[in-house]
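Grab a pencil and let's work through a few short exercises together. Have a look at the model first, then try each task before reading its solution.

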Amino acid sequence: ADMGTDEVTVADIAGDPAQYIGRTVTVEGDLEEVLGPMAFTLDEDAITEGGVDNDLLVIGAQTGTLTAIDDQWVDNRVRVTGTVGMHTAVEIEREVGWDLDAELEAEVEEREAVLIATSVERVQ
């Protein structure tokens, strides 16, 4: 991984969000649900022991190189690079540069960590 970006898994972050706060990471996973053109959840390939569904909320920063995500992306494997944040919706809006809708705000508030993405690409 270049420039100090850690390759991690969704489960790594979901299992111990505090350890990753403020770190720039690259995560690969399956795009589970599209929550908006710049927001989606990323699912871990392997169901962890206990069958915990570890999914990670990813929100794209406006300054990033994101193409709009739509339902065609669902179940595609994607590689996301960004910074892990443990924030309130207000702080995330400030960081990504756009207003989250109410549904997304609620989603953010109930999660321990959110990945603020600067790049998202499909992995063939």
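**Exercise 1.** Which residue in β4 is the bridge partner of aspartate 43?

This is a predicted model, where local features need pLDDT of at least 70, side-chain atom pairs count only at pLDDT 80 or more, and totals for chains, interfaces and linings use all residues. Residues are numbered from 1 along each chain as its sequence is written, and side-chain values use heavy atoms, leaving out hydrogens and water.

*Solution.* Step one: find the strands, which are DSSP runs of E with at least two residues, numbered from the N terminus. Step two: β3 and β4 pair in the antiparallel sense over 5 bridges (pairing takes at least two DSSP bridges between two strands). Step three: the partner of aspartate 43 in β4 is aspartate 55.

**Exercise 2.** Describe how β2 and β3 are joined.

*Solution.* Start with the link: the two strands make a hairpin with 2 residues between them. Next, the pairing of β2 and β3 is antiparallel, over 5 bridges. One pair to find is glycine 36 with its bridge partner in β3, alanine 39.

**Exercise 3.** Are the faces of β3 buried or exposed?

*Solution.* First, the cut-offs: buried is under 20% relative accessible area, exposed over 50%, and partly exposed in between (1.4 Å probe, protein chains only). Now take one side: Ala39, Thr41 and Asp43 are all buried. Then flip over: Phe40 and Leu42 are buried too. That fits the count for β3, with 5 of its 5 residues buried.

Notes. Helices (H or I, at least four residues) and strands (E, at least two) are DSSP runs, numbered from the N terminus.
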